[in-house]
Amino acid sequence: MNTFMDSPVMVMLSDPVLYLGLGQGLLLTLQIAGISIALSFVIGTVLGAMRYSGLPVISHVAATYIEVVRNLPQLLLILVSYFVLGLPAMWAAVIGLTIYTAAIIAEVIRGGLNSVMTGQWEAARSQGFSYLQAMRYIVLPPAVVKMIPPIVSQFVTVIKDSSFAMAIGAYELMFKGTILAAKYWKPEQIITIYLAISLIYFAINFTISQIARRMQTKWSAGRGTIGS
Amino acid sequence: MADLLANIDFLQEGPFSVPRWEALFANIGQLWQGALVTVLVASLGLALALALGTVLGVMSSSQWRIPRGFARGYVEFFQNTPLLIQVFMLYNAIPMLVPGLFIPVIAIGILGVGMYHGAYMAEVVRAGIQSIGHGQLEAALSQGFSYVGAMRYIIIPQAMRIVLPPLTNQAVSLIKNTSVLAIIAGGDLMYAGDSFAGRYGHYGPTYIVVGLLYFLMCFPLARLTRRLESRTRAN
Amino acid sequence: MKKSGLLLLLSLVLVVSAFALAGCGSKEPTEPADPGNEPAAELPAGVQAIKDSGQLRVGVKADVPNFGLLDAATNKYAGMEIDLAYALAERMGLTKDDVKFEAVTAKTRGPLLDNGQLDVVIATFTIKPERLEQWNFSEPYYQDEVGLLVKKSSGIKGLADLDGKVVGVAQGATSRDAVQVEADKAGIKVSFLEFATYPEINAALESGRVDAFSVDKSILSGYVTENSVILPDGFSPQDYGAAMKKGADDLTDFFNEMLAEMESNGDMAALLKKWNLS
């Protein structure tokens, strides 16, 4: 079937440069997303601690930060990191995403802890658990289980929103894809590339969500009513 | 005073200098037009998302496999792929498939955020419906309600109360996501700001004003979310 | 969980890993060091500082054939502007390996200079009066003009045919103003759509969202296909210069000296010939 193999789509699909380009883009996307999430955890925890510390100035500063940032578009934060803060493309994307995600994680942690704090906490303390023991055995396990869905959802969002970094020329998956779509410009080829990009994002995000879902059912299974 | 200001280096040079602010306010009309487009796309997009979300949410709680499967597929696809690639497909791929079919950019914005957030809203609605529980549905059915009638008069009104806070949360996200139009020259607030800032490099003041405008659009909704959340909890 | 679910999950993971591994596969080959061929003369302070840092950080284009093009397979840059960067490095006593390239777009090249991320930008950057206020520019090393890329099927033969049509340009580039001036002169009306990157404009041209793609002809040459053609019209001659942070006079003078030398001893002509430029 010579004509099939010569069709534009097959020609493109048999060119290693296509896979190299998309692969490199994917790698950078995962790097950006991974570093952002990790940083957001650290900063989000600190932020959450500041917010709910009960100290007047510190908690107000944290609260203001969270409130302001949550109402700004991701694209804007990435652009600001690049043009105003002057960071190189990859780091501008990371910082832009982190600024927002940290605020979200701070609230998720609060929500998770809140849901377990009062009742169980007091019961544990009255039973003679120390602060650390109460935290470790009574509060954190169900809290962590409760926090998994929103955190995973946020991770998936970070991976998707990293596509905005194409606007600052970061060679992540989306940008690499559009560059390849200039080399392979025929309509069938461009559409195939767009579909391939969608498939790659889908595969990653779907896998992550499914794994988290299974983890969550497994861990919350034996808990009965306590902490659920 | 003017002399004093002229001597503060930060105000005369650099990204936030006074001349840049002056240039921005001389051209503020551009940003306003963009803001209007954003409001338009956001409101119609929100309407679309709510409609889609309700329909799909009900479908994914149904007992029949076909609607449930379709809703599941829709939700998984739109939740796991970036809004940007969806918009790119609407923008460039459709005119290539159907030569000459140019969906206006604003419609693409509405369709894009509407379909994307519709998927998230569907999940919220589904959770709401399921939290009501089968008991009520069976009771209603045994009372003679049709399936649709039971949904309409018994289940959905109750689900709405639970569902309102996360829905308003999604609404805030939707408003922010209209900024994706900036990447396809969509004429929204972000595009207007970026276009102006890019010509002469006045990024500092422009992004501050753009951020402020987005904040003003989103903050009231965010506060509403929190009020609704505390009301539901009180219940 | 069901077997089919597990299988699906496994295949998805394999698909993703395949792509990720393909990305890992390309490594940067090292280049053999060139023997230094410049006398160890006294370098001006600004240039010495760069030499001491051991790295010359250069902003270049990655998608313009013959000027700055990144080969995806080998991960190396090639083009006339790349060679200029190498010449600059060697002139100050560094080697080709010491040159660190960063891909820039029309939108991003200015800010990267301002913030000190780059020492110099050699990326089809047009010298314009308002830009001279923001950055130092070298003498021109190439002259190009703004052109228009259209689809053959559109039947557009010249600027006049663009009346009432949409022109796609890059944000932050000079093409928009250049086309507007020409349109005013010809008494026609055009509207503009701005995009962040050239590939997007090209896709918009392909899908018909814009009727013409306007930017310097040198850049357009990278996007011509059998479907499209660069119109003969050319306007607004553009002088390309190397840009440096405002006030980096040492480096600017150093670069100009290099250009003057290259022009007088025929190196410049040879360079242009190498890359098929006039």
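**Why these labels? A first look at the model**

User: What makes the meeting of Arg226(B) and Glu67(A) a salt bridge?

Analyst: Welcome! This is a predicted model. In it, the side chains of Arg226(B) and Glu67(A) meet with 3.0 Å from N to O. The label asks for a side-chain nitrogen of Lys or Arg within 4 Å of a carboxyl oxygen of Asp or Glu, so the pair qualifies.

User: How many salt bridges are found across the interface of chain A and chain B?

Analyst: The rule finds 2 salt bridges there. Residue pairs in polar contact between chain A and chain B come to 7. On the side of chain A that touches chain B, two or more residues each come from α4 (56-70), α5 (74-83), α8 (131-161), α9 (173-183) and α10 (187-221) of chain A. Of these, α10(A) gives the most, with 13 residues.

User: How many residues does each chain bring to the contact, and what area is buried between chain A and chain B?

Analyst: Chain A brings 34 residues and chain B brings 40 residues. Together they bury about 3200 Å², with 71% of it on carbon and sulfur atoms. Asn71(A), Lys160(A) and Tyr194(A) supply 20% of the area that chain A buries against chain B, more than any other three residues.

User: Let's turn to single residues. Why is Val42(A) called exposed?

Analyst: Its relative accessibility is 54%. Exposed means over 50%, so Val42(A) earns the word. Val42(A) lies in helix α3 (residues 16-51) of chain A. With Leu39(A), Phe41(A), Ile43(A) and Val46(A), Val42(A) makes a nonpolar surface patch of about 390 Å².

User: And why is Tyr142(C) called buried?

Analyst: Here the relative accessibility is 11%. Buried means under 20%, so Tyr142(C) fits that class. Tyr142(C) belongs to strand β8 (residues 142-151) of chain C. The C-alpha atoms of Tyr142(C) and Thr74(C) are separated by 27 Å, and the two residues are 68 apart along the chain.

User: What makes Val18(B) count as partly exposed?

Analyst: Val18(B) has 30% relative accessibility. Partly exposed covers what falls between the 20% and 50% cut-offs, so Val18(B) gets that label. You can find Val18(B) in helix α3 (residues 18-26) of chain B.

User: How far apart are the C-alpha atoms of Val18(B) and Pro205(B)?

Analyst: They are separated by 9.2 Å, while the two residues are 187 apart along the chain.

How values were computed: Residues are numbered from 1 along each chain as its sequence is written. Chains are lettered from A and ligands numbered from 1 in the order in which they are written. This is a predicted model: local features need pLDDT of at least 70, side-chain atom pairs count only at pLDDT 80 or more; totals for chains, interfaces and linings use all residues. Side-chain values use heavy atoms; hydrogens and water are left out. Patches are made of residues with over 30% relative accessible area and no salt bridge: like charges are joined within 9 Å, nonpolar side chains (Val, Leu, Ile, Met, Phe, Trp, Tyr) within 5 Å. Accessible areas come from the Shrake-Rupley method with a 1.4 Å probe; for residues, only the protein chains shown count as cover. Helices (H or I, at least four residues) and strands (E, at least two) are DSSP runs, numbered from the N terminus. Buried means under 20% relative accessible area, exposed over 50%, partly exposed in between (1.4 Å probe, protein chains only). Contact means heavy atoms within 4.5 Å. Buried area is the accessible area (1.4 Å probe) that two parts lose on being put together, summed over both. A polar contact is a pair of N or O atoms within 3.5 Å; within protein, one must be able to donate a hydrogen and the other to accept it, and residues adjacent in sequence count only if both atoms are side-chain atoms.
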